[in-house]
Amino acid sequence: MEEIHETGKHYYNNLTEKQKYIAKEMFFLADLNGDESLSISEYVNFLGDMGFKSCNNKSFFAKLDKNGDGMLDFDEFLSLYYLYCSDKLVFCDGRGCGAFLKGTYFTCIDCFNNESNTFNLCSFCFYSWNYDCHKHTTLLDNSSLLRYMKERANRRSSYASNKSSIVDTRGDYSSSEKTEVEIQMEVEIGDVAALCSGCSIM
Ligand SMILES: [Zn+2]
Ligand SMILES: [Zn+2]
């Protein structure tokens, strides 16, 4: 968390004055009694109102509470604000886990591309199959995901530029959608999928 606290501060310092104002407004909105710090109940209520489920609890509050005084001052709140704004409030969907995913974790590609909610697993839950059978089978870790997105973007732009001059030499584009990374990962988790096919939850 130390790194996140540091990044949160730098993130805020680099905001425009208007964006800083918005961050402060958000803090003051949560600070119901106006004592310039958030108690656990103010924190839980505020995040509940915002629709967050995974981080409005005591254990995540404690992670944010850098000096451990049981309150979040504005500086400590900035870590949350940074995570929120950069879409990094990600938690493990493994069975009974809910761990905050700040290092390497695995993301379902289909959910990532097509669903409103992503499906993510910490390394432990991924490798120990600690999750109820998921409807998709391709999960990539963070670095593979970045490679996948890059390949996808490259393929799309080359497809778009070739489209006007080539009649159709590529066959069915959707059937060639899978990247090398996806195929490699599918092979790796093929056993998990086979196990899931007999699962009553699916
Ligand atoms: Zn999925
Ligand atoms: Zn987990």
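**Stop 1: two crossing helices**

Begin by selecting helix 1, residues 2-13, together with helix 5, residues 74-85; their axes lie 8 Å apart and the helices pack at an angle of about 85°. An angle of 65 to 115 degrees counts as roughly perpendicular, and helix 1 and helix 5 are therefore described as roughly perpendicular to each other. To display the contact, select Ile 4, His 5, Thr 7, Gly 8, Lys 9, Tyr 11 and Tyr 12 on the side of helix 1, and Asp 75, Leu 78, Ser 79, Tyr 81, Tyr 82 and Leu 83 on the side of helix 5. Coloured by character, the residues of this contact divide into 7 nonpolar, 4 polar and 2 charged. Please note that the structure on display is a predicted model.

One residue of this contact merits a separate selection. Lys 9 belongs to helix 1, and it touches Asp 75 and Leu 78, neighbours within four places in sequence being left aside. Is Lys 9 buried, partly exposed or exposed? It has 14 C-beta neighbours inside 10 Å and therefore counts as partly exposed. A distance may also be drawn from the C-alpha atom of Lys 9 to that of Phe 77: the two residues are 68 positions apart along the chain, and the separation in space is 9.7 Å.

**Stop 2: the whole chain**

Now display the full protein as a cartoon. It contains 9 helices and 3 strands, arranged along the sequence in the pattern α-α-α-α-α-β-α-β-α-β-α-α. Of the 202 residues in the protein, 22% are buried. Among contacts with a separation of 6 or more, 62% join residues 24 or more positions apart.

**Stop 3: the two annotated spans**

Next select residues 23-53 and then residues 58-87, where an unreviewed UniProt entry places the feature "domain: EF-hand". In the model, residues 23-53 are 61% helix and 0% strand, with end C-alpha atoms 21 Å apart. The span 58-87 is 63% helix and 0% strand, and its end C-alpha atoms likewise lie 21 Å apart.

Within residues 23-53, select Glu 36, in the loop between helix 2 (17-30) and helix 3. Most residues other than glycine have a negative phi. Glu 36, which is not a glycine, has a positive phi near 65°. This residue is exposed, because 10 Å around its C-beta atom takes in 11 others.

Asp 87 is a further residue to select, in the loop between helix 5 and strand 1. Asp 87 is not a glycine either, yet its phi is positive, at about 60°. With 8 other C-beta atoms within 10 Å, Asp 87 is exposed.

Then move to Leu 72, in the loop between helix 4 and helix 5. Why does Leu 72 count as buried? The reason is that it has 25 C-beta neighbours inside 10 Å, the threshold for a buried residue being 20 or more. Beyond residues up to four places away in sequence, Leu 72 touches Ser 37, Leu 38, Tyr 43, Leu 64, Asp 65 and Phe 77. Its C-alpha atom is 6.7 Å from that of Ser 39, a residue 33 positions away in sequence.

**Stop 4: the largest nonpolar core**

Which residues have the most contacts inside the largest nonpolar core? Select Phe 77, Phe 106, Leu 121, Cys 122, Cys 125, Phe 126 and Leu 139; the core has 32 residues. Each of the following elements supplies at least two residues of this core: helix 1, helix 3 (40-50), helix 4 (58-64), helix 5, strand 1 (105-108), strand 2 (120-122), helix 7 (123-127) and strand 3 (139-141). Helix 5 provides the largest share, with 6 residues.

**Stop 5: Cys 92 and Ser 143**

Two residues can be viewed by their distance to Phe 106. Cys 92 lies in the loop between helix 5 and strand 1, and its C-alpha atom is 9.0 Å from that of Phe 106, 14 residues away along the chain. Cys 92 is buried, with 23 other C-beta atoms within 10 Å. Residues up to four places away not being counted, it touches Cys 97, Gly 98, Ala 99, Leu 101, Asn 120, Leu 121, Cys 122 and Cys 125.

Finally, select Ser 143 in helix 8 (residues 142-163). The C-alpha atoms of Ser 143 and Phe 106 are 9.6 Å apart, across 37 residues in sequence. Ser 143 is exposed, with 10 other C-beta atoms within 10 Å, whereas Cys 92 is buried.

Conventions: Residues are numbered from 1 along each chain as its sequence is written. Chains are lettered from A and ligands numbered from 1 in the order in which they are written. This is a predicted model: local features need pLDDT of at least 70, side-chain atom pairs count only at pLDDT 80 or more; totals for chains, interfaces and linings use all residues. Axes are lines fitted to C-alpha atoms, for helices over the stretch in contact, and angles run from 0 to 180 degrees between N-to-C directions. Helices (H or I, at least four residues) and strands (E, at least two) are DSSP runs, numbered from the N terminus. Angles under 35 degrees count as roughly parallel, over 145 as roughly antiparallel, 65 to 115 as roughly perpendicular and the rest as oblique. Two residues are in contact if their C-beta atoms, placed from the backbone, lie within 7 Å. Ala, Val, Leu, Ile, Met, Phe, Trp, Tyr, Cys and Pro count as nonpolar, Asp, Glu, Lys and Arg as charged, and the others, Gly among them, as polar. UniProt positions are given in the numbering used here, feature names are shortened, and annotations may be inferred rather than shown by experiment. A nonpolar core is a set of buried Ala, Val, Leu, Ile, Met, Phe, Trp, Tyr and Cys residues joined through C-beta atoms within 7 Å. A residue is buried if 20 or more other C-beta atoms lie within 10 Å of its own, exposed if 12 or fewer, and partly exposed in between; C-beta atoms are placed from the backbone.
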